[in-house]
Amino acid sequence: MTEFCENCGKPMDLWDATHCSEECILESIKNSKSLSESDRIDRLIKEMRVKRRYDINLLETLR
């Protein structure tokens with residue numbers, strides 16, 4: 001997909017992710033009402049932490 005983080009522009013370790021870290025991906029969605037009221041976000045974040053793959057496309061499914 002991309003060689004650089006969509007949020008901060010930092011070079012990516014994983015080519016198939018969109019963001020370099022949990023902080024970067026959460027910054028882009030932190031004000032989303034649908035995400036803040038859902039416990040499904042916790043499961044997705046846990047999965048991303050385990051895989052160390054931060055991808056905005058995974059979070060789009062919750063919107």
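Me: What makes glutamate 22 count as buried?

Reply: Happy to explain: glutamate 22 has a relative accessible area of 15%. Buried means under 20% relative accessible area, exposed means over 50%, and partly exposed lies in between (1.4 Å probe, protein chains only). At 15%, glutamate 22 is therefore buried. A word on the background: this is a predicted model, where local features need pLDDT of at least 70 and side-chain atom pairs count only at pLDDT 80 or more, while totals for chains, interfaces and linings use all residues. Residues are numbered from 1 along each chain as its sequence is written, and side-chain values use heavy atoms, with hydrogens and water left out.

Me: Why is the pair of glutamate 22 and arginine 49 called a salt bridge?

Reply: Their side chains meet at 2.6 Å, N to O. A salt bridge is a side-chain nitrogen of Lys or Arg within 4 Å of a carboxyl oxygen of Asp or Glu, so the pair qualifies. Glutamate 22 lies in helix α1 and arginine 49 in helix α3, so the salt bridge ties together parts that are 27 residues apart in sequence. Helices (H or I, at least four residues) and strands (E, at least two) are DSSP runs, numbered from the N terminus. Arginine 49 is partly exposed, at 47% relative accessible area.

Me: How do you know that Asp16, Arg53 and Asp55 belong to one network?

Reply: Follow the partners. Aspartate 16 and arginine 53 meet in a salt bridge of 3.1 Å, N to O. This pair links distant parts of the chain, with aspartate 16 in the segment before α1 and arginine 53 in the loop between α3 and α4, 37 residues apart. Aspartate 55 and arginine 53 also meet in a salt bridge, at 2.9 Å, N to O. Salt bridges that share partners thus join Asp16, Arg53 and Asp55 into one network. As for accessibility, aspartate 55 is buried at 2%, while aspartate 16 is partly exposed at 24% and arginine 53 is partly exposed at 23%.

Me: Why is there no disulfide between cysteine 5 and cysteine 20?

Reply: A disulfide is a pair of cysteine sulfur atoms within 2.5 Å. The sulfur of cysteine 5 is 3.8 Å from its closest cysteine sulfur, in cysteine 20, so the two are too far apart for a bond. Cysteine 24 is in no disulfide either, with the nearest cysteine sulfur, that of cysteine 20, 3.7 Å away. By this rule the count comes to 0 disulfides. Cysteine 5 is buried at 5% relative accessible area, and cysteine 24 is buried at 9%.

Me: What makes Ile25, Ile41, Ile45, Met48, Tyr54 and Ile56 a nonpolar core?

Reply: A nonpolar core is a set of buried Ala, Val, Leu, Ile, Met, Phe, Trp, Tyr and Cys residues joined through side-chain atoms within 4.5 Å. Those 6 residues form the largest such core here, and helix α3 (residues 40–51) gives its largest share, 3 residues. Take isoleucine 45: its relative accessible area is 8%, so it is buried. Isoleucine 45 is in helix α3 and, not counting residues up to four places away in sequence, touches Glu22 and Leu26 (contact means heavy atoms within 4.5 Å).

Me: How do you know that arginine 52 is exposed?

Reply: Arginine 52 has 59% relative accessibility, which puts it over the 50% cut-off, so it counts as exposed. Arginine 52 sits in the loop between α3 and α4 (56–60).
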